[in-house]
Amino acid sequence: MNISGIIAEYNPFHSGHARQIAETRRLLGEDAAVVCAMSGNWVQRADCAIADKWTRAAVALKGGADLVLELPTPWAISSAERFARGAVEVLSAAGVVSHLSFGSESGSLEELRAAAVCLDSQAYPSALRRALDQGLPFPAARQEAVAIPRTGAGHDQAPAAGFASASWLRGRLRAGYPDAAAPYLTGPWIWETADLVRCERAILARLRSMTLEQAEALPDSGDGLAARLLAAGKAATTLEEVYALTKTRRYTHARVRRLVLWAFLGLTAADRPEHVPYLRVLGFNDRGRAVLREMWKHARLPILTKPAHVRTLSPAARRLFELEDRCTDLYGLCLPTAAPGGREWTTNPAILPVK
């Protein structure tokens, strides 16, 4: 069986995601299985996911996926490089994935390989530093160092050609306009929509009560960023003000957002393991069940299909699960009606039949 891996957030799952899965299966054969490594309740843009991870896994299964594995929070809310590295580790450790399916703006494997070679080269850091010293913002400095231009529409632009971006859809759903988003979703949106703004004062309270030592223990908080964040936390009255007061040309908006979220979740650089320690199953269908049977034979990491399996983990792996439990409890506060804690220990994977 051909088994393709897809790295995704599905925040929310929409018609473009369904098209990618369908195209993947067209290229590999209708019997091919699709395994997704998906962010959990917190996503890479330093935000709560619009719906919880089990709900999003179920929607992905309805949209054509066969098995959904979780990308743990320490990787899901990190930089793009660490996010990608963790997700590839998840798919690789499954021991059964034969292909990787992804979209790109260039559509050229040769260009992507050239960019990867550049980013891994010894010359790249010095070229990046020169561009930063010239006063360029980090994204522009990196683009100049690598010399691969971005093409296509921006991610916040209006729908076109029958497809809409996830960010546009989130905006409509959170603003209370599900009918506007409906044509681009794979089914009706009937779930409560999570929004980080509901935790805004709790986040500000955390920033105002942190010591400099605690702030400096956050990931990616060097170069004076920790002190700048604390000053912004005392001066600001909204999250957007915190971001605006903290960011500079060198400290990008994305980096600042991630730092704020790490602070709220109570995570430090020491909480980021070097490697993913287990494979958490969020959902599967009948074909995904067959993939799981193969994974039990070939996977290089423990597989968690229910919370009780946590008892079999190593102490280090269990610490990560307990950290995930705390992050999920805080996610519950982002819902319109706050959810009780403990869901990590009581929620089993979503299970759907193949269409």
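1. Asp-47 is buried, with a relative accessible area of 4%. The model under review is a predicted one, and in it Asp-47 belongs to strand β4 (residues 47-48). The side chain of this aspartate makes a polar contact of 3.4 Å with the side chain of Arg-45. Beyond its neighbours within four places in sequence, Asp-47 is in contact with Asn-41, Trp-42, Arg-174, Leu-196, Arg-257 and Leu-261. Of these contacts, Arg-257 lies 210 residues from Asp-47 in sequence, while the two C-alpha atoms are 8.2 Å apart in space.

2. Arg-82, in helix α4 (residues 80-93), deserves a separate remark. This arginine is buried yet has no salt bridge. The nearest side chain of opposite charge belongs to Glu-274, at 5.3 Å, whereas the cut-off for a salt bridge is 4 Å. The side chain of Arg-82 does reach the backbone oxygen of Pro-273, at 2.7 Å. Apart from residues up to four places away in sequence, Arg-82 touches Pro-74, Trp-75, Arg-272 and Pro-273.

3. The search for salt bridges over the whole structure returns 13. One of them joins Arg-25 to Asp-66, with the closest N and O atoms 2.7 Å apart. Arg-25 is in helix α1 and Asp-66 in the loop between α2 (53-62) and β5 (67-71), so this pair ties together parts 41 residues apart in sequence. Both partners are buried: Arg-25 has a relative accessibility of 8%, and Asp-66 one of 1%.

4. Asp-66 also forms a salt bridge with Arg-287, the closest N and O atoms being 3.2 Å apart. Here the link is between distant parts of the chain, since Arg-287 sits in helix α15 (residues 286-298) and Asp-66 in the loop between α2 and β5, 221 residues apart. Arg-287 counts as buried, at 19% relative accessibility; the cut-off for that class is under 20%.

5. Helix α16 (residues 315-331) has 17 residues, which at 1.5 Å a residue should span 24 Å; the end C-alpha atoms are 24 Å apart, in agreement. Its buried residues are Ala-317, Leu-320, Phe-321, Leu-323, Glu-324, Asp-325, Cys-327, Thr-328, Leu-330 and Tyr-331. The list thus includes the acidic residues Glu-324 and Asp-325.

6. Within α16, the side chains of Glu-322 and Arg-318 meet in a salt bridge of 3.2 Å, N to O. The two residues are four apart in the helix, and therefore about one helical turn separates them. Glu-322 is partly exposed at 37% relative accessibility, as is Arg-318 at 29%. Elsewhere, salt bridges with shared partners join Lys-53, Glu-70, Arg-280 and Glu-344 into one network.

7. The count of aromatic pairs is six. Among them, Tyr-10 and Phe-13 form an edge-to-face pair, with ring centres 4.8 Å apart and 65° between the planes. Tyr-10 is buried at 1% relative accessibility, and Phe-13 is buried at 3%. Ring pairs also link Trp-42, Phe-264 and Tyr-331 into a cluster. Of that cluster, Tyr-331 is one of the buried residues of α16, and Trp-42 is among the contacts of Asp-47.

8. The loop between β1 (3-8) and α1 (15-28) holds His-14, and Pro-12 lies in the loop between β1 and α1 as well. A cis peptide bond joins Asn-11 and Pro-12, with omega about 5°. His-14 is buried, its relative accessible area being 9%. Leaving out residues up to four places away in sequence, His-14 touches Ala-164, Ser-165, Ala-166, Leu-169, Tyr-184, Leu-185 and Thr-186.

9. Backbone geometry calls for a check at two further sites. Most residues other than glycine have a negative phi, and most peptide bonds are trans. Asp-220, although not a glycine, has a positive phi of about 55°. Asp-223 likewise is not a glycine and has a positive phi of about 60°. Asp-220 is found in the loop between α11 (212-216) and α12 (225-235), and Asp-223 is also in the loop between α11 and α12. In accessibility, Asp-220 counts as partly exposed at 39%, whereas Asp-223 is exposed at 62%.

Methods: Residues are numbered from 1 along each chain as its sequence is written. This is a predicted model: local features need pLDDT of at least 70, side-chain atom pairs count only at pLDDT 80 or more; totals for chains, interfaces and linings use all residues. Side-chain values use heavy atoms; hydrogens and water are left out. Buried means under 20% relative accessible area, exposed over 50%, partly exposed in between (1.4 Å probe, protein chains only). Contact means heavy atoms within 4.5 Å. The expected span of a helix is 1.5 Å times one less than its number of residues. A polar contact is a pair of N or O atoms within 3.5 Å; within protein, one must be able to donate a hydrogen and the other to accept it, and residues adjacent in sequence count only if both atoms are side-chain atoms. Lys and Arg count as positive and Asp and Glu as negative; His and the chain ends are not counted. Rings of Phe, Tyr and Trp (its six-membered ring) pair if their centres lie within 6.5 Å; planes under 30 degrees apart count as stacked, over 60 as edge-to-face and the rest as tilted.
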